[in-house]
Amino acid sequence: LLVVLAALTDLDGQLARGFNTVTKLGKSLDRLRDKILICPIFANFLAVVFWPRNGLIIALAKSALICLLVIEIGLIFSWVYGLKRGLDVSSHRAGKIKMVLYVVAVCLWFLFRVVEV
């Protein structure tokens, strides 16, 4: 539920554009908010859900989650670096698509967990 609510709050950019109140800070913070949403979820999946289990598919899931966490943490560092250098660190279409895919994957995982129980 929190993931869905957080994803729905991503509409703030649409509202800002609609009211012509877009700022560089707002565009920049959008990327950080996405990272703050998804990194703890991935870390939880890795530590609580997949780590105690074994098997080939689980090993692949662990590897994928570790890669995604490393990428997202690297993007946080690049965001900070870009801010310090005065670069454009606003979110882009590819990042939005990636975030939508993350949210869909997390929601599907929760849905399958509920159906499984």
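Three helices, α3 (24-50), α4 (56-85) and α5 (93-116), each contribute at least two residues to the lining of the second largest pocket, where helices (H or I, at least four residues) are DSSP runs numbered from the N terminus. A pocket here is an open set of points on a 1 Å grid over the protein atoms alone, where a 1.4 Å probe fits and with protein on both sides within 12 Å along at least five of seven lines, and its lining residues have an atom within 4 Å of a point. The model is a predicted one, in which local features need pLDDT of at least 70 and side-chain atom pairs count only at pLDDT 80 or more, whereas totals for chains, interfaces and linings use all residues. Residues are numbered from 1 along each chain as its sequence is written, and side-chain values use heavy atoms, with hydrogens and water left out.

The second largest pocket encloses about 200 Å³ of space, a volume being the space filled by probe spheres set on grid points that are joined across faces, edges and corners. Its lining is formed by F42, F45, F50, A61, A64, L65, L68, L101, Y102, A105, V106 and W109, and the largest share, five residues, is supplied by α5. By class, this lining has 12 nonpolar residues and no polar or charged ones, with Ala, Val, Leu, Ile, Met, Phe, Trp, Tyr, Cys and Pro counted as nonpolar, Asp, Glu, Lys and Arg as charged, and the others, Gly among them, as polar.

The structure holds zero disulfides, a disulfide being a pair of cysteine sulfur atoms within 2.5 Å. C39 takes part in none, and the nearest cysteine sulfur, that of C67, is 13 Å away, which is too far for a bond. C39 is buried, with a relative accessible area of 11%, whereas C67, at 46%, counts as partly exposed; buried means under 20% relative accessible area, exposed over 50% and partly exposed in between (1.4 Å probe, protein chains only).

Backbone geometry stands out at N20, which lies in the loop between α2 (12-18) and α3. The phi of N20 is near 55 degrees, a positive value in a residue other than glycine, and most residues other than glycine have a negative phi. N20 is exposed, its relative accessible area being 69%.

Towards the N terminus, V4 is found in helix α1 (residues 2-8) and is partly exposed, with a relative accessible area of 36%. V4 and R85 are 81 residues apart in sequence, and their C-alpha atoms are 34 Å apart in space.
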